[in-house]
Amino acid sequence: MAFQRLRGFRDITGADALAFERVEAAARAVFGRFGFEEIRIPLLEEKQLFSRALGTETDVVQKEMYEFDDRSGVRVALRPEGTAGVVRAYLENNFDKTHGWTKLYYLGPMFRSERPQAGRLRQFHQIGVEQLGTDSPYADAETVHCLSVFLDEAGASGYAIKLNNLGTFEERQLFRRELEGYFAPLKDRLCEDCRARLGRNVFRLLDCKQEGCRALARSSPPIDGFLTDESRRHHETVLAALGRAGVAVARDPYLVRGLDYYTRTVFEVTHPSLGAQDALGAGGRYDSLVESFGGARAGSVGFAVGLERLVMCLSADGAPAPEPPVFVVTLGPAAAEKGFELVSTLRRAGVRASMEYGAKSMKSQLRAADKHRCRFAVILGDDELAQGVFVMKHFETGEQKTFPLDSIVERCRKQSLTD
Ligand code: AMP
């Protein structure tokens with residue numbers, strides 16, 4: 001029996017692979033402009049790293065990690081997200097001491113054993129940035145600005161950014177108790193998932209997608225009443241700075257995030273074309289994470305965008321197709337050998353070039369050129385070879401011209417029959 005890929009895992013091919021490449025190139029260009037450097041972190045880490053970072057009560061840690069004992073008996077897990085690994089690397093490489101304020105970005109696959117559905121995979125890809133060692137609200141604004149410039153340059157439009165302030169850990173404790181008090185008498189009206197969440201992580205009730213729970217959540221007390229002046233000021237500065245940077249965000253006092261580590265600023269970017277799983281990316285500030293990993297306190301903020309979802313909401317006609325190759329058609333054995341040499345020379349010189357191998361007929365070679373949507377063919381027969389020339393043919397007009405062989409690179413680069 002032929003092998004099949006695992007459920008929730010996919011092959012990325014053709015136009016999708018090209019779209020991934022473009023989005024990654026946009027990310028590198030934009031993040032570099034904002035002063036972020038790339039970090040490549042391992043796919044596999046100690047499981048403890050993720051439970052410590054994300055919180056033992058979160059869905060990801062409770063039921064979604066690919067975890068196993070390695071050959072030496074260490075409990076390891078495939079990374080379900082990037083922040084935990086980046087924080088570990090920041091401390092392990094002493095960036096807190098050598099760099100101070102550190103700005104890093106990563107991209108690559110993440111693994112969560114969730115129920116596969118549209119927009120939800122078990123291996124998916126994230127692109128994310130992290131700023132470590134800064135408490136400034138301007139860093140929050142810069143991070144959200146960076147997200148929006150990245151989405152724009154990746155070719156996305158029509159997305160919306162929501163932002164909220166969850167307060168500090170202490171402020172959130174008070175808020176948590178208030179929310180638990182509010183929802184406890186309403187338990188019978190909550191969905192099954194929310195009833196379970198009530199005792200574990202009451203904040204998750206606020207982003208339940210069920211209509212009944214949503215209505216109750218919308219009448220729950222907002223966090224604003226529990227924020228200290230300092231948290232409020234932080235929030236106001238972030239919003240004002242975003243205004244200065246020209247980023248439109250909507251304040252959503254009910255926006256919470258599934259992971260425990262967020263403090264103060266949280267944000268989410270959604271796209272209407274994504275359906276039920278409409279979150280394109282999300283992020284926020286996590287001021288206690290570095291400390292909980294054994295480092296000195298280092299305020300931090302970051303975001304992660306899901307590549308599959310981003311690619312899904314890019315308009316199919318938005319991306320220009322790559323330049324078609326020049327097709328080298330050969331007639332006769334000596335020309336076939338020379339043809340291979342020419343294709344190799346063209347490619348080394350930076351020109352996209354293609355040819356068919358094996359003594360194929362002219363017709364079959366032209367069919368292949370058509371399949372590649374080539375506009376030009378270089379035709380090389382043993383006669384041309386003997387005269388030191390080649391024929392260049394424009395497929396659409398049928399026009400063809402003869403040029404000296406030593407001008408082939410220049411001519412193919414121009415892809416034109418006229419000077
Ligand atoms: P999170 O780390 O859960 O905040 O997710 C950040 C982004 O990663 C989401 O907005 C999605 O775009 C993407 N993402 C998260 N989980 C999945 C998944 N299972 N499949 C595909 N994309 C995902």
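Tutor: Buried means under 20% relative accessible area, exposed means over 50%, and partly exposed lies in between. Keep in mind that this model is predicted.

Student: Is Arg264 buried or exposed?

Tutor: Arg264 sits in strand 9. Its relative accessibility is 10%. The cut-off for that class is under 20%. Because 10% falls under that limit, Arg264 counts as buried.

Student: What is the sign of phi at Arg264?

Tutor: Most residues other than glycine have a negative phi. Arg264 is not a glycine, yet its phi is about 55°. The sign at Arg264 is therefore, against that general rule, positive.

Student: Where does Asn94 lie, and what is its phi?

Tutor: Asn94 is in the loop between helix 4 (83–92) and helix 5 (95–98). At a relative accessible area of 37%, Asn94 is partly exposed. Asn94 is no glycine, but its phi is positive, at about 60°.

Student: How many Å separate His234 and Arg264, C-alpha to C-alpha?

Tutor: His234 belongs to helix 10 (residues 229–245), while Arg264 is in strand 9. The two are 30 residues apart in sequence. In space, the C-alpha to C-alpha distance is 8.1 Å.

Student: Is His234 buried or exposed?

Tutor: Look at the relative accessibility of His234, which is 6%. The limit for burial is under 20%. His234 therefore counts as buried.

Student: Which side chain makes a polar contact of 2.8 Å with that of His234?

Tutor: Start with the contacts of His234 beyond four places in sequence. They are Asp135, Ser136, Pro137, Asp140, Arg264, Thr265 and Arg285. The partner in the 2.8 Å side-chain polar contact is Asp140.

Student: What class does Glu268 fall into, buried or exposed?

Tutor: Glu268 is in strand 9 (residues 263–270). Leaving out residues up to four places away, Glu268 touches Ala160, Ile161, Lys162, Leu255, Arg257, Ala279, Gly281 and Ala282. Its relative accessibility is 12%. Since the cut-off is under 20%, Glu268 counts as buried.

Student: Now the ligand. Which of the 14 residues around the ligand come nearest?

Tutor: The shell splits by class into five nonpolar, four polar and five charged residues. The nearest ones are Arg112, Glu114, Leu121, Arg257 and Leu280.

Student: Which residue has a polar backbone atom 2.9 Å from an oxygen atom of the ligand?

Tutor: Set the side-chain case aside: a polar side-chain atom of Gln126 lies 3.0 Å from a ligand oxygen. A backbone N or O atom of Gly281 lies 3.2 Å from a ligand oxygen. The residue with the 2.9 Å backbone distance is Leu280.

Student: How much of the ligand's accessible area does the protein cover?

Tutor: On its own, the ligand has 480 Å² of accessible area. The share covered by the protein is 91%.

Student: Which element gives the largest share of the shell around the ligand?

Tutor: The elements that give two or more residues are strand 6 (123–132), strand 10 (279–285) and strand 11 (300–306). The largest share is three residues. These three come from strand 10.

Student: Why are the buried residues of helix 9 on the same side?

Tutor: The buried residues of helix 9 (residues 211–218) are Cys213, Leu216 and Ala217. They lie on the same side of helix 9 because the arc they cover around the axis is only 100°.

Student: Which helices do the buried residues of helix 9 pack against?

Tutor: The residues in question are Cys213, Leu216 and Ala217. They pack against helix 7 (169–183) and helix 8 (192–200).

Student: What separation do the C-alpha atoms of Gly108 and Pro325 have?

Tutor: Gly108 is in strand 5 (residues 102–111) and counts as buried, at 10% relative accessibility. Beyond four places in sequence, Gly108 touches Arg79, Phe124, His125 and Gln126. Pro325 is 217 residues from Gly108 along the chain. Their C-alpha separation is 30 Å.

Student: Which residues contact Lys338, leaving aside neighbours within four places in sequence?

Tutor: Lys338 is in helix 13 (residues 333–348) and is partly exposed, at 23%. Gly381, 43 residues from Lys338 in sequence, lies 9.6 Å away, C-alpha to C-alpha. The contacts of Lys338 are Leu380, Leu385 and Leu405.

Terms used. Residues numbered from 1 in each chain as written. Predicted model: local features only at pLDDT ≥ 70, side-chain atom pairs only at ≥ 80, totals over all residues. Heavy atoms only, no water. Near = heavy atom within 4 Å. Polar contact = N/O pair within 3.5 Å; in protein donor to acceptor, adjacent residues only side chain to side chain. Areas by Shrake-Rupley, 256 points an atom, 1.4 Å probe, with all protein chains shown as cover. Helix = DSSP H or I, 4+ residues; strand = E, 2+ residues; numbered from the N terminus. Nonpolar A, V, L, I, M, F, W, Y, C, P; charged D, E, K, R; others polar. Buried < 20%, exposed > 50% of the residue type's maximum accessible area, 1.4 Å probe, protein only. Arc of directions from axis to C-beta. Contact = heavy atoms within 4.5 Å.
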